[in-house]
Amino acid sequence: MLRTAAASLVAILLASTAGAALAQDNASRKERVMKMNERIEKRFTALDKNRDGAVDKVEAEAGFAKAFDRFDANGDGTVDKAEIAAKVAKGGKRGEAVERRMNKADGDKNGSVTRDEFSKNLPRWFDRADADKDGKVTKAELDRFLDRREKRAEMKTDKAKAN
Ligand SMILES: [Ca+2]
Ligand SMILES: [Ca+2]
Ligand SMILES: [Ca+2]
């Protein structure tokens, strides 16, 4: 009997800590989303070379080709794991993101990514933001997309608070 009470007390304690951690997690999730949105917006402005308020695939691919050059330290036209490791801190959030993207871009899975593989692999936000799928993201589409991200993060935060 005592054992059961102790066990359920532990369970309650564990549950409430988990809940608190979850709420905190969700609060920082919103912060993360806001920061990420800012980054995406900056990226968008930088990619829109002809300043027509939209980023088309050509502009996006050109932008990624440039990012590729920054990683390709020895200039042989492919980026391998060592070159990525040299540029981004191992294990950091950014490192993980870059690595994920590289793995995805590495179509033939030979451990290195060519310029073509890299620049054709547009980040997920581009496809998601392109609501009418015409191959370009207008500022209005981008704003709606960033709004949706924020709302989603907010909803998750509220839900965690309610629990
Ligand atoms: Ca443009
Ligand atoms: Ca290289
Ligand atoms: Ca579009």
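## Exercises on a predicted protein model

From the N terminus on, the protein runs α-β-α-β-α-α-β-α-α-β-α. This is a predicted model: local features need pLDDT of at least 70, side-chain atom pairs count only at pLDDT 80 or more, and totals for chains, interfaces and linings use all residues. Residues are numbered from 1 along each chain as its sequence is written, and chains are lettered from A and ligands numbered from 1 in the order in which they are written.

**Exercise 1.** State how many helices and strands the protein has.

*Solution.* Helices (H or I, at least four residues) and strands (E, at least two) are DSSP runs, numbered from the N terminus. The protein has 7 helices and 4 strands.

**Exercise 2.** Describe the span 117-152.

*Solution.* Start with the record: the unreviewed UniProt entry annotates residues 59-94 and 117-152 as "domain: EF-hand"; such annotations may be inferred rather than shown by experiment. Next, the composition of residues 117-152 is 67% helix and 8% strand. Last, the end C-alpha atoms of this span lie 31 Å apart.

**Exercise 3.** Find the largest nonpolar core and the helices that supply it.

*Solution.* A nonpolar core is a set of buried Ala, Val, Leu, Ile, Met, Phe, Trp, Tyr and Cys residues joined through C-beta atoms within 7 Å; buried means that 20 or more other C-beta atoms lie within 10 Å of a residue's own, with C-beta atoms placed from the backbone. The largest core has 14 residues, and Val79, Phe118, Val137 and Leu142 have the most contacts inside it. Helices H2 (57-71), H6 (124-129) and H7 (139-162) each supply at least two of its residues. H2 gives the most, with 3.

Conventions
A residue is buried if 20 or more other C-beta atoms lie within 10 Å of its own, exposed if 12 or fewer, and partly exposed in between; C-beta atoms are placed from the backbone.
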